[in-house]
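Colleague: Could you take me closely through one part of this model, starting from a single helix and following what surrounds it along the chain? I would like a connected account rather than a list.

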Amino acid sequence: MRAYEAHGGKLTSLYVEEHLRTLEKTMVSRGPELSGIADLKEWDVDLVFIAHNISAAEVPDREIMGVKVRVKFQTYNEFFKQAIEAGIPSTIFDNFVLEPLREARTPSIVRDTLAERTLG
């Protein structure tokens, strides 16, 4: 299983460790429910943090409630390039990237930064 955590700024080790701490708390409280889907020892999760800038140190693989968790990092540029190479359907890109960018609650600086980083 792959899970994505999108981060709007510079990704730091402190942010990653805090996220993993809260993930562990969630797993403890939801463990019985999740194990009803499948034995947690059979779960294998790649947790991919996506950010504009990454300063976080590499995180060793860990086990949370029997679930194997690997932490990976990817920039938005890498993520978009990979999605395009994989042939992601335009409707998915429109729904999960472009539509949120068009929302009034999205600051103009976010749109400007994306355009600057992707268009050069």
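Modeller: What follows is a close look at helix H2, at the strands that come before it and at the stretch that comes after it. The model is predicted, and the description should be read with that in mind.

Helix H2 spans residues 76-85, and its buried residues are Tyr76, Phe80 and Ala83. Viewed down the helix axis, these buried residues fall within an arc of 60°, so they line one face of H2. This spacing fits a general feature of such helices, since an α-helix has 3.6 residues a turn, so residues three or four places apart point the same way. The face of H2 that is turned away from the buried side carries Lys81 and Glu85, which are exposed. Two of the buried residues, Tyr76 and Phe80, also belong to an aromatic cluster, in which ring pairs link them with Tyr4 and Phe79. The count of aromatic pairs comes to five.

Turning to the strands, S6 covers residues 67-75, and S6 pairs with two other strands in opposite senses. With strand S3, residues 44-51, the pairing is parallel and runs over eight bridges, and here valine 48 stands opposite lysine 72 of S6. With S5 the pairing is antiparallel and runs over three bridges, and glutamate 63 has lysine 68 in S6 as its bridge partner. S5 and S6 form a hairpin with two residues between the strands, and methionine 65 lies in the loop that joins them. Methionine 65 has a positive phi of about 55° although it is not a glycine. Its relative accessible area is 39%, so methionine 65 counts as partly exposed, a class that lies between the 20% limit for buried and the 50% limit for exposed.

On the other side of the helix, H2 is followed by glycine 87, which likewise has a positive phi, in this case near 75°. Beyond this glycine, Ile88, Ile92 and Phe96 form a nonpolar patch on the surface, and together they have about 290 Å² of accessible area. Phenylalanine 96, one of the members of that patch, lies in helix H3, which spans residues 90-102. With a relative accessibility of 64%, phenylalanine 96 counts as exposed, because the class begins over 50%. Two aromatic side chains along this stretch can thus be set side by side: Phe80 is among the buried residues of H2, whereas phenylalanine 96 in H3 is exposed.

Technical notes:
Residues are numbered from 1 along each chain as its sequence is written. This is a predicted model: local features need pLDDT of at least 70, side-chain atom pairs count only at pLDDT 80 or more; totals for chains, interfaces and linings use all residues. Side-chain values use heavy atoms; hydrogens and water are left out. Buried means under 20% relative accessible area, exposed over 50%, partly exposed in between (1.4 Å probe, protein chains only). Helices (H or I, at least four residues) and strands (E, at least two) are DSSP runs, numbered from the N terminus. The arc is that of the directions from the helix axis to the C-beta atoms. Patches are made of residues with over 30% relative accessible area and no salt bridge: like charges are joined within 9 Å, nonpolar side chains (Val, Leu, Ile, Met, Phe, Trp, Tyr) within 5 Å. Accessible areas come from the Shrake-Rupley method with a 1.4 Å probe; for residues, only the protein chains shown count as cover. A salt bridge is a side-chain nitrogen of Lys or Arg within 4 Å of a carboxyl oxygen of Asp or Glu. Rings of Phe, Tyr and Trp (its six-membered ring) pair if their centres lie within 6.5 Å; planes under 30 degrees apart count as stacked, over 60 as edge-to-face and the rest as tilted. Two strands pair if DSSP finds at least two bridges between them.
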